[in-house]
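Work through the exercises below with the model open. Try each task before you read its solution.

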Amino acid sequence: MANNVVVVGAGVLGLSTALVLSKHKNLNITVVAKHMPGDYDIEYASPWAGANYFPVGKPGSSLQRFEKATWGELDRICREIPEAGIHHQVTRVYGRKKDAGTATAQWFEELTKEDAWFKNVVPNFRVLPKSELPPECDTGTEFTSVCINTAVYLPWILGQCVKAGVTIKRGILSHISEAGSFHSSGQADAVVNCTGLLASKLGGVMDNNVYPGRGQIVLVRNEPGVMVTVSGTDDGSEEATYIMQRAVGGGTILGGCLQHNSWESQPDPNLAQRIMQRSIELCPSLAPTGKVTELSVIRHGVGLRPMRMGGPRVEKEMIDGTWVVHAYGHAGYGYQSGWGSAWEAERLVLSIVGQGEVRAKL
Ligand SMILES: Cc1cc2nc3c(=O)[nH]c(=O)nc-3n(C[C@H](O)[C@H](O)[C@H](O)COP(=O)(O)OP(=O)(O)OC[C@H]3O[C@@H](n4cnc5c(N)ncnc54)[C@H](O)[C@@H]3O)c2cc1C
Ligand SMILES: *[C@@H]1O[C@H](CO)[C@@H](O)[C@H](O)[C@H]1NC(C)=O
Ligand SMILES: *[C@@H]1O[C@H](CO)[C@@H](O)[C@H](O)[C@H]1NC(C)=O
């Protein structure tokens, strides 16, 4: 007897989790979502991400565990599956002493450490000597990371799911009790809740710890030659500067900001101007004449990170007689922690449907 699983959500978490689960041939999986790859909507965070691997989890946290576990899979996809839209990037992370205590410096606290916990996770990690730092910066590291073209990566994971027999459906759930009706069998033995920011808004018990962390980006055609970020800016504590070139012609993402509790979906033109100005200052190779007008803009964008006080929630809960595995609240790190989180959700689903039975069929 197959066990019927409904995954709610088709962002990077829902799709990665469905793909991991699809390896178990006794699971019959349906993904149901309001938004799908190809959509650009303020309620759907995944397409707006850079996205890169910039670890920020605190040592000992589950986020750190997920980030550590995710590197190997991103690296493998990079090497073996070029059509997935990920490539390696030489990466530089700078720190400025004057940013200490600001919101952005706190967000990047682990990332900007010279003695970073991930120095043996990513390859080619080295501390930069003063002579290699930009004038305003006090510390710096270099390592090899990855940048993901989300417009290619999300459809790639979706396609892998379809190939593995997963059913994909459009739908909006207003309550967990409706999940079964979206499954092709009409019934669900387990539901995986990958609803991102909407976990704060929809159905049954709302999670009040979930809130938006607004990010604004500019996508340009110019090539930076390096992936780079810094611990803060002189434009206010919620602003940030990061630059990354997406794989396979995806353009270059210039960021950004992390504005807590803002639901504003429209790009702020003044902020866009500041982002572009800071980007060419941090990375002069983007615009050799030093003028913002040299940037060739593809689009301005706004995404809302699904922030969660206490970090991502990946745990199981019985709701009204149905087992739910939650996997939401991945804030600004859904890609860099996505596979680790998916493997944890897999462990929880298997514990619900009876691991012994599953093992026997592997
Ligand atoms: C500007 C920006 C830059 C970022 N950069 C990075 C980065 O460099 N690296 C990184 O790792 N992360 C980055 N992130 C974070 C990353 O984008 C998120 O962590 C990730 O996309 C969250 O994915 P998710 O699947 O949880 O949510 P989402 O992508 O929002 O997907 C939620 C899904 O659930 C569905 N859904 C919700 N409620 C319901 C319902 N009731 N019924 C049916 N369907 C429902 C939605 O339709 C959607 O399909 C960035 C984010 C932003 C905004
Ligand atoms: C899943 O279950 C449905 C309905 O019971 C069935 O039609 C479908 O073929 C099953 N899919 C797989 C991949 O087994
Ligand atoms: C997902 O979790 C949130 C928070 O607990 C809850 O409000 C929502 O009903 C859940 N949705 C589904 C489909 O399980």
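**Exercise 1. Find where glycine 256 sits, then inspect the backbone there and at two other places.**

Step 1. Glycine 256 is in strand β11, residues 252-257. Strands (E, at least two residues) and helices (H or I, at least four) are DSSP runs, numbered from the N terminus.

Step 2. The peptide bond from glycine 255 to glycine 256 is cis, with omega near 10 degrees.

Step 3. A second cis bond runs from glycine 50 to alanine 51, with omega near -5 degrees. Alanine 51 belongs to the loop between β2 (27-33) and α2.

Step 4. Valine 248 is not a glycine, yet has a positive phi of about 40 degrees. Look for valine 248 in the loop between β10 and β11.

Step 5. Most peptide bonds are trans, and most residues other than glycine have a negative phi.

A note on the model: it is predicted, so local features need pLDDT of at least 70 and side-chain atom pairs pLDDT 80 or more, while totals for chains, interfaces and linings use all residues. Residues are numbered from 1 along each chain as its sequence is written, chains are lettered from A and ligands numbered from 1 in the order written, and side-chain values use heavy atoms, without hydrogens and water.

**Exercise 2. Describe the shell around ligand 1.**

Step 1. Start with the neighbours, meaning residues with a heavy atom within 4 Å. There are 40 residues around ligand 1, and His35, Ser46, Ala331, Tyr335 and Gln336 come nearest.

Step 2. Sort them by class. The shell has 23 nonpolar, 14 polar and 3 charged residues. Here Ala, Val, Leu, Ile, Met, Phe, Trp, Tyr, Cys and Pro count as nonpolar, Asp, Glu, Lys and Arg as charged, and the others, Gly among them, as polar.

Step 3. Trace the elements. α1 (12-21), β10 (239-245) and β13 each supply at least two residues. β13 gives the most, with 4 residues.

Step 4. Check the backbone contacts (N or O pairs within 3.5 Å). A backbone N or O atom of asparagine 52 lies 2.8 Å from an oxygen atom of ligand 1. For leucine 13 the distance from a backbone N or O atom to a ligand 1 oxygen is 3.1 Å.

Step 5. Ligand 1 alone has 1,000 Å² of accessible area, and the protein covers 98% of that. Areas come from the Shrake-Rupley method with a 1.4 Å probe.

**Exercise 3. Do the same for ligand 2.**

Step 1. Asn28, Gly165, Ser184 and Ser185 are the residues around ligand 2. By class, this shell has 4 polar residues, no nonpolar and no charged.

Step 2. A polar side-chain atom of asparagine 28 lies 2.3 Å from an oxygen atom of ligand 2. Of the 360 Å² that ligand 2 exposes alone, the protein buries 38%.

**Exercise 4. Why does the second largest pocket lie between two domains?**

Step 1. Domain 1 (3-47 + 151-209 + 310-353) and domain 2 (90-148 + 211-308) both give residues to the pocket lining, so the pocket lies between them. The domain bounds come from an automatic or database assignment.

Step 2. The lining has 22 residues, with Val56, Gln106, Trp107, Met307 and Tyr333 nearest the pocket centre. The elements giving two or more of them are α2 (62-80), α3 (103-107) and β13 (297-308).

Step 3. A pocket is an open set of points on a 1 Å grid over the protein atoms alone, with protein on both sides within 12 Å along at least five of seven lines; lining residues have an atom within 4 Å of a point.

Terms used. 1 Å grid on protein atoms, 1.4 Å probe; cavity = no way out; pocket = protein on both sides within 12 Å on 5 of 7 lines; lining within 4 Å. Polar contact = N/O pair within 3.5 Å; in protein donor to acceptor, adjacent residues only side chain to side chain.
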